[in-house]
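Here is a short report for a reader new to this structure. Take a look at the model before reading on.

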Amino acid sequence: MKKIKENSGSLVMSLCEAVIGVLLLINPVGFTSFVIIALGLVLVVRGVMSVIAYFRASPEIAAREHNLSGGVICLAVGLFCVFRSNWFILTFPALTFIYGVIILFVGLTKIQWAADCIRLKRKQWVFELISVALSLLCAAIIIRNPFASTAVLWTFTAVSLIVEAIFDIVTVFIGGKE
């Protein structure tokens with residue numbers, strides 16, 4: 001129970017990663033469109049609130065906080081997301097590449113913990129090392145992008161999210177940070 005409490009943030013992130021992977025596997029275009037439109041709506045609300053805050057503030061405060069320009073930018077980006085969510089779907093391979101780079105950086109940061117586990121003579125250091133290798137392998141495959149079809153790329157991304165999440169959860173229980 002102590003491991004769960006200490007690693008609750010990692011567990012929640014891993015569970016979210018697994019759920020996103022499953023949703024991407026079931027309906028990649030629908031899920032991605034939903035996320036983009038939801039993000040757009042959040043930005044529209046934020047933009048409206050910023051514009052209102054600009055006009056409610058005194059001129060001195062309004063000039064300092066830039067709520068009008070920030071609000072207009074949020075509105076523009078939000079409306080683009082809501083009405084042109086398909087653009088993101090078409091650029092998904094580039095976004096997946098960015099995701100691969102993020103996984104690469106996560107894998108590189110895991111090297112430190114794996115090395116620490118070895119140096120601290122933790123019994124389950126091999127799990128940390130496998131987690132590093134898995135992250136780096138997934139990142140390399142995604143970045144290399146050998147897939148001809150976006151659907152295959154989505155499936156691979158979904159499966160890699162699920163596998164990575166499951167392995168991270170297992171690592172917390174078996175060999176995680178003590």
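Which residues of α3 are buried? They are Pro28, Phe31, Thr32, Ser33, Ile36, Gly40, Leu43, Val44, Gly47, Ser50 and Val51. Keep in mind that this is a predicted model.

## Helix α3

Helix α3 covers residues 28–56, which makes 29 residues. At 1.5 Å a residue, the helix should span 42 Å. Its end C-alpha atoms are 42 Å apart, so the model agrees with the expected span.

## The nonpolar core

The largest nonpolar core has 11 residues. Its members are Leu24, Phe31, Ile89, Phe92, Tyr99, Ile103, Ala139, Ile142, Trp154, Ala158 and Leu161. Three elements each give two or more residues to this core: α7 (92–119), α8 (125–144) and α9 (150–174). Phe31 is also on the list of buried residues of α3.

Take one core member, Ile142. Leaving aside residues up to four places away in sequence, Ile142 touches Thr96, Tyr99, Gly100, Ile103, Phe156 and Ser160. Tyr99 and Ile103 belong to the core as well.

## Aromatic pairs

The whole structure contains 4 aromatic pairs. One of them joins Tyr54 and Phe55. Their ring centres lie 5.0 Å apart, with 80 degrees between the planes, and the pair is edge-to-face. Tyr54 is partly exposed, at 26% relative accessibility. Phe55 is exposed, with a relative accessible area of 60%.

Phe80 and Trp87 form another edge-to-face pair. Here the centres are 5.6 Å apart and the planes stand at 70 degrees. Edge-to-face requires an angle over 60 degrees, so this pair qualifies. Both rings belong to partly exposed residues: Phe80 has a relative accessible area of 33%, and Trp87 comes to 41%. Ring pairs also bring in Phe88, giving a cluster of Phe80, Trp87 and Phe88.

## Salt bridges

How many salt bridges does the structure hold? There are 2. In one, Lys110 meets Glu164, and the closest N and O atoms are 2.6 Å apart. This pair links distant parts of the chain: Lys110 sits in helix α7 and Glu164 in helix α9, 54 residues apart. Both residues are buried.

The other salt bridge joins Asp168 to Lys110, with the closest N and O atoms 3.1 Å apart. Again the link runs between helix α9, which holds Asp168, and helix α7, which holds Lys110. These partners are 58 residues apart in the chain. Buried means under 20% relative accessible area. Asp168 counts as buried because its value is 18%. Lys110 is buried too, at 14%. Shared partners join Lys110, Glu164 and Asp168 into one network.

## Cysteines

The count of disulfides is 0. Why does Cys74 form no bond with the closest cysteine sulfur? That sulfur, in Cys81, is 10 Å from the sulfur of Cys74, which is too far for a bond. Cys74 is buried, with a relative accessible area of 17%.

Cys138 gives a similar picture. Its sulfur lies 19 Å from the closest cysteine sulfur, in Cys16, and that is too far for a bond. Cys138 counts as buried, at 8% relative accessibility.

Conventions. Residues numbered from 1 in each chain as written. Predicted model: local features only at pLDDT ≥ 70, side-chain atom pairs only at ≥ 80, totals over all residues. Heavy atoms only, no water. Helix = DSSP H or I, 4+ residues; strand = E, 2+ residues; numbered from the N terminus. Expected span 1.5 Å × (residues − 1). Buried < 20%, exposed > 50% of the residue type's maximum accessible area, 1.4 Å probe, protein only. Core = buried A, V, L, I, M, F, W, Y, C linked by side-chain atoms within 4.5 Å. Contact = heavy atoms within 4.5 Å. Phe/Tyr/Trp six-rings, centres within 6.5 Å; stacked < 30°, edge-to-face > 60°. Salt bridge = Lys/Arg side-chain N within 4 Å of Asp/Glu carboxyl O. Disulfide = S-S within 2.5 Å.
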